[in-house]
Amino acid sequence: MSEGKKRRMSMLDNMTGAAPAAPMMANRALRSARDAVDTHRIWDLDPGSITDERSADRLEPADVADLRASIEAVGQTVPILVRRDPARPDHYLLVYGRRRLEAVRGSSQVGKVRAMIAALDDHAAVVAQASENTGRRDLSFIEKALFAQELAESGFGNQTEVAEVLNMTKSAVSMALSVARAVGRELASAIGPAHGVGRPRWEAMAKDLQAAALPVPELAELAQRARSQARPDAADPSVAAFDAVSLRLRKAVTLPGPRRETRRLALDKDSTAKLTRTRDGLRLEVQTKDQDWADWLLDHAGAALEELHARYKRR
């Protein structure tokens, strides 16, 4: 299974929050999944027989610990959904219910996980998982945007089909995709779901990202630091992370800075370089088809810059 498919199948199952009642489309998808369940029976399965091929994404350990304590106290009231693994008899692939599965796996008191077994293909499994999660969880704007991007870029379907799965209009999906691509997965993941931060503020951040041209790793580090330093009673530390990044970008865009200047260098027919004066300093970009030269430059550029800086200090 591709990494993209793993991510898209995991994303919604790991998002937190409560949601209103499921929309009509979600009800149809879940009814279809229930219709595919083998004899509508609840099975007690060995957690070790269930494979979760989806990559873990934003799973909060504390949430699983609380859920495990609840299952140990009152039992698992809501079964998970699995489908049979076509490659291995008596093994299963998880459709939804990651947190419940992880809670049982980590329990010393509960040995079996309650599950329904459905006959679903890859496409139907994604639809069922998406519908089940959107039906019972309040997904933030950026969470829906990232999931829409996963579906759109992995060949799940066109924008109309993605909109139906996520209970969004086609125009809303288009706008969400533009924001997800502009913000990028690295920064969005560092910030977190940011419940309560809607599309207009995310769109403003996307525009500021383009205007400020600040390094994404620097912004991601700022977001992670803001989350870790959030007040213990903060309802959603990711909102503090969003605010910190947004403020940093606003300052970079609005504060006066040096005039932007770019100089281009033609090194040879296969290599070019660009020096750009930015608000925060100087950016060097080298484009080359010669990978040996790129490797050599990577090994020696640091020493060359140190020597240039020493010459500057001696002038």
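1. Start with the largest nonpolar core, a set of buried Ala, Val, Leu, Ile, Met, Phe, Trp, Tyr and Cys residues joined through side-chain atoms within 4.5 Å. In this predicted model, that core has 43 residues, and Val-183, Ile-191, Trp-202, Met-205, Val-245 and Leu-249 have the most contacts inside it. Buried here means under 20% relative accessible area, with a 1.4 Å probe and protein chains only. Among the elements giving two or more residues are helices H5 (122-136), H6 (141-153) and H12 (237-254); H6 gives the most, with seven. Helices are DSSP runs (H or I, at least four residues) and strands are E runs of at least two, numbered from the N terminus.

2. Have a look at Ile-191: beyond four places in sequence, its contacts (heavy atoms within 4.5 Å) include Trp-202, Met-205, Phe-242 and Val-245. A second, separate core of 15 residues includes Ile-50, Val-82, Val-104 and Ala-115.

3. Gln-76 sits in the loop between helix H3 (61-74) and strand E3 (80-84), and is buried at 9% relative accessible area. A polar atom of the Gln-76 side chain lies 3.0 Å from the backbone oxygen of Val-78.

4. On confidence: pLDDT (the predictor's confidence in each residue, from 0 to 100) averages 80, and 78% of the residues score at least 70. Residues 8-27 stay under 50. Where pLDDT is low, don't read the predicted coordinates in detail.

5. Housekeeping: residues are numbered from 1 along each chain as its sequence is written, and side-chain values use heavy atoms, leaving out hydrogens and water. Local features need pLDDT of at least 70, side-chain atom pairs count only at 80 or more, and totals for chains, interfaces and linings use all residues.

Technical notes:
Buried means under 20% relative accessible area, exposed over 50%, partly exposed in between (1.4 Å probe, protein chains only). A polar contact is a pair of N or O atoms within 3.5 Å; within protein, one must be able to donate a hydrogen and the other to accept it, and residues adjacent in sequence count only if both atoms are side-chain atoms.
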